[in-house]
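Hi,

Here is the structure I promised to send over. Have a look at it first, and then read on for what turned up.

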Amino acid sequence: MPIITNTVATEIVETLSTANFQAGVFQIYPNPSNDVVYVNSQYPIKNISITDINGRIIKTYQPTGTNKRIELSIATFKNGLYFLNINSNQGNVTQKIIKK
């Protein structure tokens, strides 16, 4: 006769997603990159900050006007993983970039 222990029941109440997320709002390329990363947006970008994997802000960009395309120079960065924090009127997005 088998012994049954540690029975578990899982109930999923709500999915872990953002209801108003719009795919394709931001395009970041090329990634990985040696020197320049471009950010295209469907909406004007308020600001962009680049942080390292320790959370330190390496560089911030505050575009003027209604820029929907930003050129970011990462030529002086050390090789590694960084995070782009993009802020627009439609919300905030964080994306990984790799400097090679």
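In what order do the strands of the open sheet come, and is the pairing parallel or antiparallel? Keep in mind as you look that this is a predicted model. The order is E1-E2-E5, so to speak from one edge to the other, and the 3 strands pair in antiparallel fashion.

Why do E1 and E5 each have one side without a neighbour in the sheet? Strand E1, residues 26-29, and strand E5, residues 69-73, are the edge strands; each has just a single partner strand, so one side of each stays free of a neighbour in the sheet. From one strand to the next, the twist averages 15 degrees.

Now for the E1 and E2 pair. E2 covers residues 36-41 and runs antiparallel to E1, with 4 bridges joining the two. If you want a place to start looking, try tyrosine 29, which has tyrosine 38 of E2 standing opposite.

Zooming out to the whole protein: there are 7 strands and 0 helices, so reading from the N terminus you simply get β-β-β-β-β-β-β.

A few overall numbers as well. The protein has 100 residues, and 27% of them are buried. Taking the contacts with a separation of 6 or more, 51% are between residues 24 or more positions apart. The exposed area comes to about 7,500 Å², with carbon and sulfur atoms supplying 50% of that.

Cheers

Methods
Residues are numbered from 1 along each chain as its sequence is written. This is a predicted model: local features need pLDDT of at least 70, side-chain atom pairs count only at pLDDT 80 or more; totals for chains, interfaces and linings use all residues. Side-chain values use heavy atoms; hydrogens and water are left out. Two strands pair if DSSP finds at least two bridges between them. Axes are lines fitted to C-alpha atoms, for helices over the stretch in contact, and angles run from 0 to 180 degrees between N-to-C directions. Buried means under 20% relative accessible area, exposed over 50%, partly exposed in between (1.4 Å probe, protein chains only). Contact means heavy atoms within 4.5 Å. Accessible areas come from the Shrake-Rupley method with a 1.4 Å probe; for residues, only the protein chains shown count as cover.
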